[in-house]
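Subject: Structure handover, with notes on rings and cores

Dear colleague,

I am passing on the structure we spoke of, and would be glad if you could look through it alongside the notes below.

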Amino acid sequence: MPPPKAAKGEYIETDTGNKISRRSQIHGTQHIILGGKTVIQAEAVIRGDLFRTASSVAAQDPKNPSTPPPNAPSVAITVGRYSYISKSAILRPPSRLHRGMHSFYPLKIGDHVFVGEGAVVEAASLGNHVHVGKGANVGSMAIIKDFAYVLDGAVVPPGMVVPSWCVVGGRPARIVGEVGEGYGVEGAEGGMARERYRVVGRP
């Protein structure tokens, strides 16, 4: 009787140390950049297939010399180092109507960012050391600056700018406090990125 085959681990580990669950849904991988040591949990959905095409840029501004060549791959989503995308979270590039055309814009996520379970992020950018709580919704083109904290279930309206070191909560979200001084320090709240990364995929 042949020996039983070893079960495949849940996570695929890339050359740069990203740990990606085999049960996550990643669309348009050629339009996604992961900075390294990023964790993507099961059932997380990353929509790299929603990207801004060269033709849509040219159509919006034909005189724009920075229009990429037609075959250039567009970046839809960039995720920094030690960021953690929890189970069932959704990352989707922001979009808006511009001169009658529906266009997508890049979603940029910084380093040491935590996106909670079931959260939906359509922001233009999340800074470094940002925490997005469980079930939170960050609307299209919102900007969350460094060290900001979005509480569980908060709904950040489209286009809102959340300043650094602020805590936002509610539906719609508003500033409800400030992040404490030790936030983001390794070992303290907001500074757990390396520890979270280390334990992923361990038996």
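What follows is an account of the chain as a whole, then of its aromatic pairs, and then of its nonpolar cores.

Please keep in mind throughout that this is a predicted model. The chain has 203 residues, of which 45% count as buried, and it contains 2 helices and 23 strands. Its accessible surface comes to about 10,700 Å², with 55% of that belonging to carbon and sulfur atoms. Among contacts between residues at least 6 apart in sequence, 38% join residues at least 24 apart.

A search of the whole structure for aromatic pairs finds 3, and I describe two of them here. In one of these, the ring centres of Y84 and F114 are 5.5 Å apart and the planes stand at 20°, which is under the 30 degrees required, so the pair counts as stacked. Because Y84 belongs to strand β8 (residues 84-85) and F114 to strand β13 (residues 114-115), this pair ties together parts that are 30 residues apart in sequence. Both rings belong to buried residues, with relative accessibility at 13% for Y84 and at 16% for F114. Y84 also has a charged neighbour, since R196 lies over the face of its ring at 5.6 Å from the ring centre.

The other pair, F147 with W165, has ring centres 4.3 Å apart and planes at 0°, and is therefore stacked as well. Here the partners come from loops, F147 from the one between β18 (143-144) and β19 (149-150) and W165 from the one between β21 (161-162) and β22 (166-169), so that the pair ties together parts 18 residues apart in sequence. F147 counts as buried at 19% relative accessibility, whereas W165, at 36%, counts as partly exposed.

Elsewhere, R96 lies over the face of Y105, at 4.9 Å from the ring centre.

As to the nonpolar cores, the largest has 34 residues, and those with the most contacts inside it are L91, V121, L126, I144 and V156. The elements giving two or more residues to this core are β7 (77-79), β12 (107-109) and β22. Taking I144 as an example, and leaving aside its neighbours within four places in sequence, this residue is in contact with S125, L126, G127, V130, V138, V150, V156 and V162. A second, separate core has 7 residues, including V39, Y84, A193 and Y197; Y84 thus appears both in this core and in the stacked pair with F114.

With best wishes

Methods
Residues numbered from 1 in each chain as written. Predicted model: local features only at pLDDT ≥ 70, side-chain atom pairs only at ≥ 80, totals over all residues. Heavy atoms only, no water. Phe/Tyr/Trp six-rings, centres within 6.5 Å; stacked < 30°, edge-to-face > 60°. Helix = DSSP H or I, 4+ residues; strand = E, 2+ residues; numbered from the N terminus. Buried < 20%, exposed > 50% of the residue type's maximum accessible area, 1.4 Å probe, protein only. Lys NZ or Arg CZ within 6 Å of the ring centre and 35° of its normal. Core = buried A, V, L, I, M, F, W, Y, C linked by side-chain atoms within 4.5 Å. Contact = heavy atoms within 4.5 Å. Areas by Shrake-Rupley, 256 points an atom, 1.4 Å probe, with all protein chains shown as cover.
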